[in-house]
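Here are some short exercises to work through with the structure open beside you. Try each task before you read its solution.

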Amino acid sequence: MNKLQTMQEIWALKQVFEMNDSRHINCIRINKGSTYEHELEKFNQCWKLAQKRVDFICEGKLARNGKRPDITALDPEYPYHIEIMKSETDEMCDNKDYPFEVRKIKI
């Protein structure tokens, strides 16, 4: 995939987010309602994506239902969400209505 095609794919992936959130590519957002451990793991996951040169949206609000995945990897070939789970159960995470595959990180 050339650079133009990659940019077009990422633009299409951003359309699942509300307009303001789709602008925050590769920005790590802090949620003061989460624990320190949760936010630290969110940073670590974002750092890994950045090292692989995969763009991401952190805490972006989905346009279709208003939910906020912890991280969405904007991989043009295979986009996915990352959910960091501490007190959340697998069932709770499975019931989220996200457009892409969810990868669970348990802390």
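**Exercise 1. Find which residue forms a salt bridge with Arg 103, and classify both partners by exposure.**

Step 1. In this predicted model, the partner of Arg 103 is Glu 101, and the closest N and O atoms of the pair are 3.6 Å apart. A salt bridge requires a side-chain nitrogen of Lys or Arg within 4 Å of a carboxyl oxygen of Asp or Glu, so the pair qualifies.

Step 2. Now take the exposure of each partner. Buried means under 20% relative accessible area and exposed means over 50%, with partly exposed in between. Arg 103 has 33% relative accessibility, so this residue is partly exposed. Glu 101 has a relative accessible area of 34%, which means that Glu 101 is partly exposed too.

**Exercise 2. Work out which residues are joined into one network by salt bridges that share partners.**

Step 1. The network is made up of Asp 90, Asp 94, Lys 104 and Lys 106.

Step 2. Look at one pair inside it: the side chains of Asp 90 and Lys 104 meet in a salt bridge, at 3.7 Å from N to O. This pair ties together distant parts of the chain, with Asp 90 in helix 4 and Lys 104 in strand 4 (residues 101–106), 14 residues apart.

Step 3. Check the exposure of the two. Lys 104 has a relative accessible area of 30%, so Lys 104 is partly exposed. Asp 90 counts as partly exposed because its relative accessibility is 32%.

**Exercise 3. Locate the two ends of the salt bridge between Glu 37 and Lys 86.**

Step 1. In this pair, the closest N and O atoms are 3.4 Å apart.

Step 2. Glu 37 sits in helix 3, while Lys 86 lies in the loop between strand 3 (80–85) and helix 4 (90–94); the two are 49 residues apart and link distant parts of the chain.

Step 3. With a relative accessible area of 41%, Glu 37 is partly exposed, and Lys 86, at 47%, is partly exposed as well.

Step 4. To put these pairs in context, the count for the protein comes to ten salt bridges.

**Exercise 4. Decide whether Lys 42 is buried or exposed, and describe its surroundings.**

Step 1. Start with its place: Lys 42 belongs to helix 3 (residues 36–51).

Step 2. Its relative accessibility is 0%, so Lys 42 is buried.

Step 3. Leaving aside neighbours within four places in sequence, list its contacts. Among them are Arg 29, Asn 31, Cys 58, Glu 59, Asp 70 and Ile 84.

**Exercise 5. Describe the overall fold and surface of the protein.**

Step 1. There are four helices and four strands, and along the sequence they follow the pattern α-α-α-β-β-β-α-β.

Step 2. Compare the radius of gyration with the globule rule. For 107 residues, a compact globule would have a value near 13 Å; the protein has 13 Å, so the two agree. The C-alpha atoms fill a box of roughly 40 × 30 × 25 Å along the principal axes.

Step 3. Consider burial and contacts. Of the 107 residues, 34% are buried. Among contacts with a separation of 6 or more, 48% come from residues 24 or more positions apart.

Step 4. Finish at the surface. The protein exposes about 6,700 Å², and carbon and sulfur atoms supply 51% of that area. The mean positions of the 18 positive and 18 negative charges are 4 Å apart.

Terms used. Residues numbered from 1 in each chain as written. Predicted model: local features only at pLDDT ≥ 70, side-chain atom pairs only at ≥ 80, totals over all residues. Heavy atoms only, no water. Rg over C-alpha atoms; globule rule 2.2 N^0.38 Å. Buried < 20%, exposed > 50% of the residue type's maximum accessible area, 1.4 Å probe, protein only. Contact = heavy atoms within 4.5 Å. Areas by Shrake-Rupley, 256 points an atom, 1.4 Å probe, with all protein chains shown as cover. Lys, Arg positive; Asp, Glu negative; His and termini not counted. Charge placed at Lys NZ, Arg CZ, Asp CG, Glu CD.
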